[in-house]
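Please look over the sequence and the model shown here before reading on. The report is concerned with nonpolar packing and with the surroundings of the ligand.

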Amino acid sequence: MFVHSAPFYDAIYAWKDYAAEARRLKALLAERQRIPGRRTLLDVACGTAAHAPYLRDDYAYEGLDLDRQMLALAQQRFPDLPFHQGDMLDFDLGRQFDVVTCLFSSIAYAKTPKRLEQATATMARHVRPGGLLVIEPFVGPQDWQEGRPTATFVDRDDLKIARMSVGAREGDAAILDFEYLIATSAGIERLSERHELGLFTDAQYQHAFRAVGFAVTRDAEGLMGRSLYLGARPLA
Ligand SMILES: C[S@@+](CC[C@H](N)C(=O)[O-])C[C@H]1O[C@@H](n2cnc3c(N)ncnc32)[C@H](O)[C@@H]1O
């Protein structure tokens, strides 16, 4: 995960249009929400809470993440918002929310179909009757390109980053061995980081929702072209 690169996360993903993503998410939620008034939202695997500034006016936003560094960055950025440390596989906040989200393919860190079901069930337990669970998937097994080199560059006056990897695969998990070169006024740092992401099929995602009794729909475009699953918890 982002064990070494957390401090550079926002710089590396500065290309992402979080404002537009949140607008689209809110529109998709509004089409389905039956509960009037200001609603509660738990953002699981919130990272640095980059969606929070665009959601917090409409939702009472709370974030949860496994990584304490990411959470510290989120809390520093939004001192007035509640953040929780927890694992999407087994966290228990003892409360339910109108909406639970798991965005930017974070669900793929569950890595195996069994753990995908476990994480979905854990998040589903935090959705109140009539509420929604929203999962933005990663690419499926047919779309992962083994051997494809990728690179992301940051070119700020105070920070230069080159992050590269060559897509690999172990069974149905994508392996991203990132190599970083990071230049700041302190010098040049080299970092290595492994990310292991489950390549789940559409059927596996949909099964995880149905296993917890949620009615699921798939928006083909989603927030950034990766599609989006929206699961509704029955009222009764
Ligand atoms: C790609 S980032 C997405 C962060 C944020 N949602 C965004 O859109 O920028 C993936 C996040 O998932 C978190 N994560 C990975 N495994 C997790 C787990 N088992 N439980 C909770 N968070 C996890 C990582 O710490 C990281 O912050």
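What follows describes a predicted model, beginning with its nonpolar cores and then turning to the ligand.

## The largest nonpolar core

The largest nonpolar core has 49 residues, and the members that touch the most others within it are Ile107, Met123 and Leu133. Two or more residues each are given to this core by the helices α1 (9-12), α5 (113-125) and α6 (202-211), and likewise by the strands β1 (39-44), β4 (97-102), β5 (127-135), β9 (173-184) and β10 (187-198). Among these elements, β9 provides the largest share, which amounts to five residues.

## Met123 and the second core

Once neighbours within four places in sequence are set aside, Met123 is in contact with Ile107 and Leu133, and also with Val44, Phe91, Val100, Cys102 and Ile135. Separate from the largest core there is a second one of 24 residues, whose members include Cys46, Ala49, Leu81 and Val134.

## Surroundings of the ligand

There are 19 residues around the ligand, of which Tyr9, Tyr18, Ala45, Asp65 and Met88 come nearest. Two side chains are placed beside oxygen atoms of the ligand: a polar side-chain atom of Tyr18 lies 2.6 Å from an oxygen atom, and an N or O atom in the side chain of Asp65 is also 2.6 Å from an oxygen atom. For Met88 the backbone is involved, with one of its N or O atoms 2.8 Å from a nitrogen atom of the ligand.

Taken on its own, the ligand has 600 Å² of accessible area, and the protein covers 97% of that area.

Technical notes
Residues are numbered from 1 along each chain as its sequence is written. This is a predicted model: local features need pLDDT of at least 70, side-chain atom pairs count only at pLDDT 80 or more; totals for chains, interfaces and linings use all residues. Side-chain values use heavy atoms; hydrogens and water are left out. A nonpolar core is a set of buried Ala, Val, Leu, Ile, Met, Phe, Trp, Tyr and Cys residues joined through side-chain atoms within 4.5 Å. Buried means under 20% relative accessible area, exposed over 50%, partly exposed in between (1.4 Å probe, protein chains only). Helices (H or I, at least four residues) and strands (E, at least two) are DSSP runs, numbered from the N terminus. Contact means heavy atoms within 4.5 Å. A residue is near a molecule or strand if one of its heavy atoms lies within 4 Å of it. A polar contact is a pair of N or O atoms within 3.5 Å; within protein, one must be able to donate a hydrogen and the other to accept it, and residues adjacent in sequence count only if both atoms are side-chain atoms. Accessible areas come from the Shrake-Rupley method with a 1.4 Å probe; for residues, only the protein chains shown count as cover.
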